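Me: I have a structure open and would like to learn how to read it feature by feature. Where should we begin?

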Amino acid sequence: MPKKKPVAKPKAKKKPVARLTPKKKGKTASKVAKLKFVKKVQRPEQPVAKERTEPEEARKNGKGFETLRGMKDLLPEKSPLWLLVYHTAENIAKAYGFGYMETPILESTQLFVRSLGKATDVIDKEMYTFEDKDGSKVSLRPEATASIARAYINHGMHNRPQPVKVWYWGQMFRHDRPQAGRYRQFHQFGCETLGQRDPVIDAELIAVSYNFLFDLGISTEVHINSIGSLEDRKNYTVELVGYLRSKRTYLCADCKRRMVKNPLRVLDCKEEECRNVIEEAPQIVDWLSAESRAFFMKVLEYLDELQVPYVLRSTLVRGLDYYTDTVFEFYTEKGEEGAQSALGGGGRYDGLIEQLGGRPTPAAGFSMGIERVISELTRDKEGRKEFENPYDGTMQIFFAQLGEQARRRMLRLIEELRRKGILVGSNLAKTSLKTQLELANSLKSTHTVILGQKEVQDGTVIIRDMSSGIQEIVDQKKIEQELRKIIAAK
RNA sequence: GUGGCCAUGGUGUAGAGGUAACACAGCAGAUUGUGGCUCUGCUAUCACGGGUUCGAUUCCCGUUGGCCACCCCA
């Protein structure tokens with residue numbers, strides 16, 4: 001530690017010297033020398049490095065504070081794509097008659113434990129849980145369905161015309177290790193249809209999510225399965241575990257563990273050895289009650305009618321405990337085996353609302369992982385370019401000003417025009433005309449309105465045609481009609 | 001939670017045991033009220049902490065973070 005500092009001093013000395021030699025301009029060179037000189041003097045005075053205070057540390061190059069692990073800033077360059085996705089979601093949900101709703105990001109921990117299932121990983125290790133000031137346990141929501149169900153009960157929504165159809169969009173939190181398409185804070189768009197059990201509802205939800213992706217230009221494969229009623233599943237699980245036990249020696253370590261914790265997940269194992277075992281395993285379809293089976297058949301029929309292509313996958317089970325009967329997931333057609341290829345999924349959860357203390361209420365829903373949708377949209381360069389800037393920032397007319405008086409006059413002028421529905425570009429914070437014209441140019445403006453000292457006195461304004469360079473002097477009172485003419489001409 | 005790879009300016013990249021180069025972007029300027037070309041200048045204690053060394057940003061270890069895979073999930 002003490003070694004470092006003394007060595008650092010000569011650095012400051014060398015730099016300016018080395019730099020000055022090749023420089024030509026006297027002006028700038030002396031400026032540099034001055035700046036460096038000050039530094040030179042200062043450094044020896046504080047040879048023993050003072051403890052950097054925290055704010056200093058943080059201020060350093062604007063670094064010091066960074067987003068928490070697994071969290072991302074959405075910058076203006078990228079946001080147009082997000083807004084596009086958001087509006088696609090909004091449009092599709094509206095088209096199918098879903099009403100927008102929001103629930104708090106923070107909820108009682110118990111709500112999630114009860115609904116998702118105690119043994120699930122989401123609850124076990126992925127929830128952001130902490131004590132509130134009054135000592136109660138609260139959690140950042142890892143998903144939205146539980147909250148929607150809670151709200152359905154709280155607001156007596158069973159008194160509304162059934163089914164109740166809602167959609168949502170928002171941040172979810174899961175304390176997982178970040179990975180491709182996986183973040184600790186992520187966004188989901190989803191729809192829920194509560195209060196009625198009918199296969200047509202399941203089919204509609206699948207159509208909504210399928211078409212949402214379709215509208216964005218993503219073609220997907222819907223994987224679908226039915227896991228029956230809670231009772232069906234219980235019976236099947238017993239059977240499955242029995243079977244797996246008999247093949248225990250062929251299973252991988254993970255599956256041996258899964259066998260105890262969540263036997264259905266064994267069906268999803270990718271290990272070759274396990275796959276062989278799974279192929280021979282009893283299938284859940286054979287264990288469905290007559291009612292569940294008929295229900296599932298109807299869902300498939302309706303999907304055919306809706307012309308939504310689907311793939312039956314008997315091994316599909318979802319990770320959350322509340323699902324019953326229909327379950328589905330969306331995979332990109334390119335079918336790459338990479339993890340996290342599911343863009344979203346959903347299913348029926350007829351038992352959840354009762355589980356949370358409401359009256360028995362059937363319901364179903366889906367959610368889409370927006371980060372995964374976005375990454376799908378930007379996967380190759382062509383796609384990225386196409387979506388780079390859906391709302392192009394071209395400002396047809398730019399306003400440039402020169403001098404304090406002109407600035408004030410222009411401030412008002414722009415505001416008046418805005419109220420009349422004429423939008424123009426400007427950067428009144430810039431003082432040089434040159435810079436403002438540069439800006440106009442980079443915004444691809446066709447015309448620039450220039451207002452300087454002289455124009456303020458004359459009550460006029462210069463309108464410059466950016467491509468020809470021809471300028472016209474116009475009376476300020478006629479600006480509006482002149483601008484309208486320009487806008488109409490385009 | 002486990003494992004692999006990685007960490008240089010705002011962004012994308014070079015680079016060597018003796019303190020950093022290039023491109024783009026940004027800002028300022030090239031005779032004071034005019035853009036698109038050109039030119040000039042400015043913008044990095046090479047993630048953080050420790051070790052090895054005369055000396056490390058370059059080697060080693062740790063931390064943090066990123067990417068990827070597993071677990072699990074969106």
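Reply: Begin with burial: a residue is buried if 20 or more other C-beta atoms lie within 10 Å of its own, exposed if 12 or fewer, and partly exposed in between. Keep in mind that this is a predicted model. Lysine 444 is a case for the middle class: 14 other C-beta atoms lie within 10 Å, so lysine 444 is partly exposed.

Me: Where does lysine 444 sit, and what is its phi?

Reply: The general idea comes first. Most residues other than glycine have a negative phi, and most peptide bonds are trans. Lysine 444 has a positive phi, near 65°, and is not a glycine. Its place is the loop between helix H17 (433-442) and S14.

Me: Which residue just after H12 also takes a positive phi?

Reply: Glutamine 307, with a phi of about 60°. Glutamine 307 is not a glycine either, and belongs to the loop between H12 and S8. This residue counts as exposed because it has 8 C-beta neighbours inside 10 Å.

Me: And the peptide bond: which residues are joined by a cis one?

Reply: Glutamine 162 and proline 163, with omega about -5°. Proline 163 lies in the loop between helix H7 (145-154) and strand S5 (164-173).

Me: Let us step back to the whole chain. How many helices and strands does chain A have, and what share of its residues is buried?

Reply: Chain A has 19 helices and 16 strands. Of its 490 residues, 31% count as buried. Contacts can also be sorted by sequence separation. Among contacts in chain A with a separation of 6 or more, 69% are between residues 24 or more positions apart.

Me: How is chain A divided into domains?

Reply: The domain assignment gives domain 1 (4-62), domain 2 (79-229 + 289-383) and domain 3 (397-489). Domain 2 is written as two segments. The centres of domain 2 and domain 3, taken over C-alpha atoms, are 50 Å apart.

Me: Now a helix. How should I read H12?

Reply: Start with the general geometry. An α-helix has 3.6 residues a turn, so residues three or four places apart point the same way. Helix H12 covers residues 290-306, 17 in number, and spans 24 Å from first C-alpha to last, close to the 24 Å expected at 1.5 Å a residue. Its buried residues are Ser292, Phe295, Phe296, Val299 and Leu303. Viewed down the axis of H12, the buried residues fall within an arc of 95°, so they line one face of the helix.

Me: Which exposed residues does the face turned away from the buried side of H12 carry, and what do the buried residues pack against?

Reply: The face turned away carries the exposed residues Ala290, Glu291, Ala294, Met297, Asp304 and Glu305. The buried residues pack against helix H8 (199-215), strand S7 (220-226), helix H9 (230-246), strand S8 (310-312) and strand S9 (324-332).

Me: S7 is in that list. What does isoleucine 224, in S7, touch?

Reply: Leaving out residues up to four places away in sequence, isoleucine 224 touches Tyr310, Leu312, Arg313 and Phe328. Sequence distance and spatial distance are separate readings. Isoleucine 224 and phenylalanine 328 are 104 residues apart in sequence, yet 4.3 Å apart in space, C-alpha to C-alpha. Isoleucine 224 counts as buried because it has 23 C-beta neighbours inside 10 Å.

Me: Is valine 222 buried or exposed?

Reply: Valine 222 is buried, with 21 other C-beta atoms within 10 Å. This residue also lies in strand S7. With the same exclusion of residues up to four places away, its contacts include Ile206, Tyr210, Pro309 and Phe330. Valine 222 and proline 309 are 87 residues apart in sequence and 6.7 Å apart in space, C-alpha to C-alpha.

Me: Last, a sheet. In what order do the five strands of the open sheet run?

Reply: Strands of a sheet pair through backbone hydrogen bonds, either parallel or antiparallel. Here the order is S13-S12-S14-S15-S16, and the pairing is mixed. The edge strands, S13 (425-426) and S16 (471-475), each pair on one side only. Strand S14 (residues 447-451) and strand S15 (residues 460-465) run antiparallel, joined by four bridges. Isoleucine 450 stands opposite isoleucine 462 in S15. Helix H16 (residues 404-419) packs on the sheet and touches strand S12 (397-401), S13 and S14. The direction of H16 makes about 155° with that of S12.

Methods: Residues are numbered from 1 along each chain as its sequence is written. Chains are lettered from A and ligands numbered from 1 in the order in which they are written. This is a predicted model: local features need pLDDT of at least 70, side-chain atom pairs count only at pLDDT 80 or more; totals for chains, interfaces and linings use all residues. Helices (H or I, at least four residues) and strands (E, at least two) are DSSP runs, numbered from the N terminus. The expected span of a helix is 1.5 Å times one less than its number of residues. The arc is that of the directions from the helix axis to the C-beta atoms. Two residues are in contact if their C-beta atoms, placed from the backbone, lie within 7 Å. Domain bounds come from an automatic or database domain assignment. Two strands pair if DSSP finds at least two bridges between them. Axes are lines fitted to C-alpha atoms, for helices over the stretch in contact, and angles run from 0 to 180 degrees between N-to-C directions.
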